Amino acid sequence: MRLYEFAVKKPVIVSMGLITLLLIGAISVSKLPIEFLPRMDYPFIGVYVPYPNSIPSHVERKITKPIEEVVSTLGDVKRIRSWSSPDDVFVGILFNWGEDISVLRLEVKEKIDQIRSELPDDIETIQILTFNSDDIPIMVGRISAKGKDLSGSYDLLERMIINPLKRIEGVGNVGIDGIEPKEVSVYLRLDRLKAHRADVGGLFRLLQSANLTTSAGELTSRGLRYHVRSVGSFSSLEEVENMVINQEGLRVKDIADVYYGEPEIQYGRHLNREKAIAFWVQKSSGANTVDVCRRVHAVLDRVNKDPAMEGINVLLFFDQSDQILNSIRGLRQAGLIGALFAIMVLYFFLRRWTTTLIVAIAIPFSILCTSGFLFFTGRSLNILTMMGLMLGVGLLVDNAIVVLESIFRHQTKGEESIAASVVGSKEVARAVVAATLTSIIVFAPVIITSDSTGLLTYLSTVGITISVALIFSLLVSLTLIPFLTSRILKPKEVKSSAILSRIQRRYIRALRWTALKRPFVTGFVIVPLIFVGTIFGAQATKLLRFSIEEGLVIENIYIAYDFTDNLSYHETEKYVSRVEETLAANLEELGIRDVYSYYADNDAATTIYFEDKYLTKNKLKEKRKKLREIIPPMAGVALRFGDEEGQSSGGAQLMRVTLFGEDGDYLEEIADEVKRRFELLGDLEDVRTSIETGREEIKVSLNRELASRHAITPETIGAIMNLTFRGVPLRRFQTKEREVPMTITLDPEDRVGIYNLRNLTVGMSDGKEITLGAVANFIETKSPTVITRQHQKTAVSVQGLYDDEKSKDIQDRVKAVMESIQLPLGYSWAFGDRIIEQQQQANEMAINALLALICVYMVMAALFESLLHPLVIMGCLPFASFGVVVMLAATKTAMGLMAMIGLVILIGIVVNNGIVLIDHINNFRKKGLPLNEAIIEGGKERFRPILMTAATTVLGLTPLAVGSAHVADAQYYPLARAVMGGLISSTVLTLLVLPTYYVIADRFLGRLKRIWARSKAK
């Protein structure tokens, strides 16, 4: 007994089963965890080594290169990149997707342990970092106070903001930056050290050994067991100050100042011209993101109303719940509008309210059942699963329409309801199963290869959601629809629409002219000419553009400051303030909502947030031009738009090339030449190299002959300079409230000027002190702020911004420039990672589209038991693409990543109507009708359902095509418009061109049979 027969003959069982599915789905919706992204481990491991107050070249040689060499021996390493800065080292190791990160983390740790003895002894910690989607902050904000600097208010902010947020259920961590807790600092005074001839190294060892509490084991006395602990930790600052450090009774306070308070931070932030502090909130694994964000908002509202926080503002810049709720609203809106359009379309075609309501049930039923699937498979409701549901809304009624229209047609012929339900369902059952499978199978290559790249991993989640929803829609069409029509609908004559009847008559005339009378002219002349003319016309007029980033939500512009001189963060703040004053005078004109700035030594950036969140590329281009006009030129600094990855550049795109080699100085020469040639291109703005904004450096070159006379070694000098100028951490100091860091370093005033460096005591000889200036030479030079390495080679990049419309032209011209430069052996160049990743994404989509075509053909061949008829249907797919071209060109939408995803989805949709039509024609031919009559009858009876399914899908996508719905920062409209254009054109092709190629194929097959018969007869 087939499924539709079972549904009609066993109504109670079917009813209970469907109600059970609905109840499970409804309960699952309330229990589904709501997240921003599905939990996944990224194939990335970072090795982070803090090493403050150092020199990048020294850090690179002593730390970075040994770590790179040892981790490169790991298997499945895709890319190694490192950054060596004055304060730390970060080595990033990228693996292939699908690797077990927990195992790789252990392997990386083992490799680091192997070389730990080769690294500098004063490295305190080495952190092995991994990253998964739960680590993405759910909220990011800033704290500011009008006319007040909060850098000394850590205790207040911790008590009023940080701790209350940490206590919220579901909050995993609260981070804060721009303010530090109090710490104990032992500031050595250079003049006192020289006066008392103090041993700095000995002082460090004494402070370390004196601040120690250890366990001494256990002892037994009178039958009782006691734990023994040796307590030697400092209990007060006075103990530190009064500690005797030599036999003469010299104390710490005689040569140093002991300070307890907030450390000086070498950077700062402004929010709307007020000093600000950054904070972020991370949730616990498995917690409901929306619920956690609501609790955080409630706490922040109470904080803002607290009298103790008067004048202090807490502003959120990013809130994951907004992204999630926006997707939910978009899903609800698309579902309601899609259902409304389905009702309108069905009523227009069928003129019965009961019919429309039966079909409309397919949407909520499929969505609820899919929610149940997500819950029981341990998935979450996130922006990717919601994207799948939104894209599937327009498709969920297709199967129901085809089945119901077939049943309705049999009822209007006078057949009894139950018989009409069974016969009508049977007539199209194979067709709707094939159509559903082809819609699902296009995602099979994505799901199977989802471990190869990040893009496919995300798309596989979308594909699984759509596929499950379509399976449930098929279940509805073959159970609920026959069941309801057999019980509710009664046969009666319905007057069809006069407009529809007129269109159908004209369609039959056109079908006779194209498919039956002139099939070869139509198939090989008219259709190819239209297709080729459309493609070449779009290219000639440049109406069709290619941009991988089309449809991104952009609400801010980032301005970076490139300083020519070595500036402290106090000086960079002055430049930032001047730019902020200019922006404050033009807030209304530019539509600015907030202005946020960050500044540090030799580094600064300002981010401008606009009131309008959905700025077009042209509007962003105008704002970028206006900003260049109103911000006055400032001596010593150049402003450029966009961050290092080209993000938030105001609609412009980043063009970057990276040079690889061993000699950093020679790479700098090549980079300068590349920069000069890039500037001559004319279309690149803000051209710069990654090392032109270096910082001043003093190289201390030891005179070995003089040093050997006084028994002074480079190791001795390095240790003394570390203790004084770099500073080193001591064991933590226990206060009444908590343990706090404790450090020893030279007083900040004594670290100013080269004079103090020259007069640093590095040894004693015959009772006289030996200064650093007596045994070393000092050379002032400029070194890069950060040394970047890729593939274990030094990397220097040259980058600039260009208008999106010139993407292909710029890439070709840049490639020509780079190929004209003769690079020596061992040196090479490559486009930046961003361009390479975009090309890889385009290639991935093309490969998966090809695989989807193969899978669709195989499914149709298996279901039709024919190799020829699937080829006929597949032959129409390329001609559907001109609808995509026309739609994108007409709406001035670029072909981007979202549009490419739409093309893959379109492959499965376009063949659906063809399957329904060819299957119906074959049924008529099996009944004995001649070819021409079978085509006419098949076209006449499939004309209405094909128009209905196309209309409901197109209208269901309309809210996405014209609205601002988006997933994360990617809007749906490129995808929706691509699918709509292709579906509209494919509908015409299915009704007219597909029968044409069917006739041509049948005649070709008939001729082959005759030739085979004659050859066999001979």
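Just over the whole chain, buried residues (under 20% relative accessible area, with exposed meaning over 50% and partly exposed in between, using a 1.4 Å probe and protein chains only) make up 53% of the 1018 residues in the protein. The model is a predicted one, where local features need pLDDT of at least 70 and side-chain atom pairs count only at pLDDT 80 or more, while totals for chains, interfaces and linings use all residues. Residues are numbered from 1 along each chain as its sequence is written, and side-chain values use heavy atoms, with hydrogens and water left out.

On the secondary-structure side, the protein has 35 helices and 30 strands; these are DSSP runs numbered from the N terminus, with helices (H or I) needing at least four residues and strands (E) at least two. Contact here means heavy atoms within 4.5 Å. Of the contacts in the protein with a separation of 6 or more, 79% are accounted for by residues 24 or more positions apart.

Two helix pairs are worth walking through. Two packed helices are described by the angle between their axes and the distance between the axes. The axes are lines fitted to C-alpha atoms, for helices over the stretch in contact, and angles run from 0 to 180 degrees between N-to-C directions. For helix H5 (residues 154-166) and helix H10 (residues 289-305), the axes come within 10 Å and cross at roughly 160 degrees. H5 and H10 are therefore roughly antiparallel to each other, given that angles over 145 degrees count as roughly antiparallel, under 35 as roughly parallel, 65 to 115 as roughly perpendicular and the rest as oblique. The crossing of H5 past H10 is right-handed, meaning that the near helix is turned clockwise from the far one by less than a right angle, with anticlockwise making it left-handed. On the H5 side, the contact is made by Met-160, Ile-161, Pro-164 and Leu-165, and on the H10 side by Val-296, Val-299, Leu-300 and Val-303. Sorted by class, this contact of H5 with H10 has 8 nonpolar residues, no polar ones and no charged ones. In that scheme Ala, Val, Leu, Ile, Met, Phe, Trp, Tyr, Cys and Pro count as nonpolar, Asp, Glu, Lys and Arg as charged, and the others, Gly among them, as polar.

The second pair is helix H15 (residues 398-412) with helix H34 (residues 931-962), whose axes come within 9 Å and cross at roughly 150 degrees. H15 and H34 are therefore also roughly antiparallel to each other, and their crossing is right-handed. From H15, Asp-398, Ile-401, Val-402, Glu-405, Ser-406, Phe-408 and Arg-409 meet Glu-941, Arg-942, Arg-944, Pro-945, Met-948, Thr-949, Thr-952 and Thr-953 of H34. The class split for H15 with H34 comes out as 5 nonpolar, 4 polar and 6 charged.

Next come two arginines in strands. Arg-269 is in strand E11 (residues 267-271) and counts as buried, at 9% relative accessibility. Its side chain is joined to that of Tyr-596 by a polar contact of 2.7 Å, a polar contact being a pair of N or O atoms within 3.5 Å where, within protein, one must be able to donate a hydrogen and the other to accept it, and residues adjacent in sequence count only if both atoms are side-chain atoms. Setting aside neighbours within four places in sequence, Arg-269 is in contact with residues including Arg-142, Asp-177, Glu-274, Tyr-596 and Tyr-599. Arg-688 sits in strand E19 (residues 685-689) and is buried too, with a relative accessible area of 5%. The side chains of Arg-688 and Asp-562 share a polar contact of 3.1 Å. Arg-688 and Gln-799 are 111 residues apart in sequence, yet 5.7 Å apart in space, C-alpha to C-alpha.Helices supply two further buried positions. Val-775, in helix H28 (residues 772-775), is buried with a relative accessible area of 1%, and its C-alpha is 5.4 Å from that of Asn-703, 72 residues apart in sequence. Thr-987 lies in helix H35 (residues 973-1017) and counts as buried at 7% relative accessibility. Not counting residues up to four places away in sequence, Thr-987 touches Asn-913, Ile-946, Leu-947 and Ala-950.

Finally, the backbone. Most residues other than glycine have a negative phi. Arg-273, in the loop between E11 and strand E12 (274-283), has a positive phi near 75 degrees. His-791, in the loop between strand E26 (787-790) and strand E27 (793-802), has a positive phi of about 55 degrees. Arg-273 is partly exposed, with a relative accessible area of 46%, and His-791 counts as partly exposed at 46% relative accessibility.
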